[in-house]
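Dear colleague,

I am passing on the structure we spoke about, and below it you will find an account of what came out of the analysis. Please read it with the model open beside you.

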Amino acid sequence: MKTLQELTRPNIWKLKPYSSARDEYKGVTASVFLDANENPYNLPHNRYPDPMQWELKTQLSKIKKVSPEHIFLGNGSDEAIDLVFRAFCEPGKDNVVAIDPTYGMYQVCADVNDVEYRKVLLDGNFQFSADKLLAATDEHTKLIFLCSPNNPTGNDLLRAEIEKLIREFEGLVILDEAYSDFSEAPSFLEELDQYPNLIVLQTFSKAWGCAAIRLGMAFASVEIIGILNKIKYPYNVNQLTQQQAISMLHKYYEIECWVRTLKEERDYLEKEFEQLSCTVKIYPSDANFFLAKVTDAVKIYNYLVGEGIIVRNRNSIALCGNCLRVTVGTRVENNTLLDALKKYQG
């Protein structure tokens, strides 16, 4: 790969980050804090949170088996996605490459940051070729985005192709593992030390059941994490989010039970869907959702809305014509959906 300095925007490389009051004082013995212009009343919410979230990162590192220095925490994974554009891509000059279809925020962040976004279409099995992605790059390609399991297709990408891409691309590969807890494939966190140009994204929104607290994770080399920390907002993860995340980490075995149950419900829901007259095809899924090709996605989506049931219409997405994306719910929610579709007159 290119050196990190070569990949980083020159102004970011030279940037001296803002130093907050809580950055400058890291002790734990003080009892009087008169340094941050805080209101002395309304403890504990009157105090700024730890800007580097060290307590949370320390607890998280025990579960993820990654040292705290290799962890970035942000306001959802979307913050980390946006920061890699801001750190590494020169607006109007650099470009990124991504599979298509995939998570839409990669392109939104590219457009916001005035960075060319190059799509490489998946094949009929929703798989990608490392060679095709590499062929779409040039000397101004800084980032390649992958999502595995992919959204909206639900499938794991081929591991051998991911590894080849990371090895041969001179820039940074961002691998979004938002749904990896529901997959049988091992996380690339286990190989993070082997790939200095890899950034792995994960989230508290899916398996952890914490979409409301907006907490995303990025794992990478100490040097890459340092650049993300340099340009993030000083207090990007609030104290309430940090406290709730720590609380959830203590419920790790309960989370594992949720994941097992959701995988069982996914299998049940897919089998039942196959029997519906409106179903054309069910695509294999390694996530907590699946993609279903139906007879008329727009009509069925509108029918379900009328029944008070909301799924995602992916009809306008590449390779997903007449497809609905169905999130796995509880058995009661799943049966409510199935009952409505059994009554559907298409």
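**Sheet, pocket and annotated lysine**

Ala-292 in S9 is the bridge partner of Ile-282, and I begin with this pair as a way into the sheet around it. Please keep in mind throughout that this is a predicted model.

Strand S8 (residues 279-282) and S9 run antiparallel and are joined by three bridges, and the connection between S8 and S9 is a hairpin that passes through six residues. Ala-292 also stands opposite Leu-324 in S11, where S9 and strand S11 (residues 323-327) are joined, again in the antiparallel sense, by five bridges. Taken together, these strands belong to an open sheet of four with the order S8-S9-S11-S10 and antiparallel pairing. Because S8 and strand S10 (312-313) each have a single partner strand, they stand at the edges, and one side of each is left without a neighbour in the sheet. As for strand S9 (residues 289-294), five of its six residues are buried, so that the strand is mostly covered.

A second group of strands leads towards the annotated lysine. Strand S5 (residues 172-176) runs parallel to S6, with four bridges between them, and within this pairing Val-173 has Leu-198 of S6 as its bridge partner. S6 also pairs with S7, in this case in the antiparallel sense and over four bridges, with Thr-203 finding its bridge partner in Gly-216 of S7.

How many of the six residues of S6 are buried? Six of the six are, and S6 is therefore largely enclosed by the rest of the structure. In a regular strand the side chains alternate between the two faces of the sheet. In S6, Leu-198, Val-200 and Gln-202 point one way while Ile-199, Leu-201 and Thr-203 point the other way, and all of them are buried.

The loop between strand S6 (198-203) and strand S7 (216-219) holds Lys-206, a position at which UniProt, in an unreviewed entry, places the feature "modified residue: N6-(pyridoxal phosphate)lysine". Is Lys-206 buried, exposed or partly exposed? Its relative accessible area is 30%, and Lys-206 is partly exposed because this value falls between the limits of 20% for buried and 50% for exposed.

UniProt, again from an unreviewed entry, also places the feature "domain: Aminotransferase class I/classII large" at residues 46-341. Over residues 46-341 the chain is 38% helix and 19% strand, and the C-alpha atoms at the two ends are 51 Å apart.

The last item is the largest pocket, which has a volume of about 700 Å³. The lining of the largest pocket is made up of 26 residues, and those that lie nearest its centre are Ile-63, Lys-64, Asp-181, Ser-187 and Tyr-252. Helix H4 (54-64) and helix H11 (252-274) are the elements that give two or more residues to this lining, and H11 provides the largest share, six residues. By character, the lining residues divide into eleven nonpolar, nine charged and six polar.

Where does the largest pocket lie with respect to domain 1 (4-19 + 49-251) and domain 2 (253-343)? Both domains give residues to its lining, so the largest pocket lies between them.

With best regards

Technical notes
Residues are numbered from 1 along each chain as its sequence is written. This is a predicted model: local features need pLDDT of at least 70, side-chain atom pairs count only at pLDDT 80 or more; totals for chains, interfaces and linings use all residues. Side-chain values use heavy atoms; hydrogens and water are left out. On a 1 Å grid over the protein atoms alone, a cavity is a set of points where a 1.4 Å probe fits but cannot get out, and a pocket is an open set with protein on both sides within 12 Å along at least five of seven lines; lining residues have an atom within 4 Å of a point. Grid points are joined across faces, edges and corners, and a volume is the space filled by probe spheres set on the points. Ala, Val, Leu, Ile, Met, Phe, Trp, Tyr, Cys and Pro count as nonpolar, Asp, Glu, Lys and Arg as charged, and the others, Gly among them, as polar. Domain bounds come from an automatic or database domain assignment. Buried means under 20% relative accessible area, exposed over 50%, partly exposed in between (1.4 Å probe, protein chains only). Two strands pair if DSSP finds at least two bridges between them. UniProt positions are given in the numbering used here, feature names are shortened, and annotations may be inferred rather than shown by experiment.
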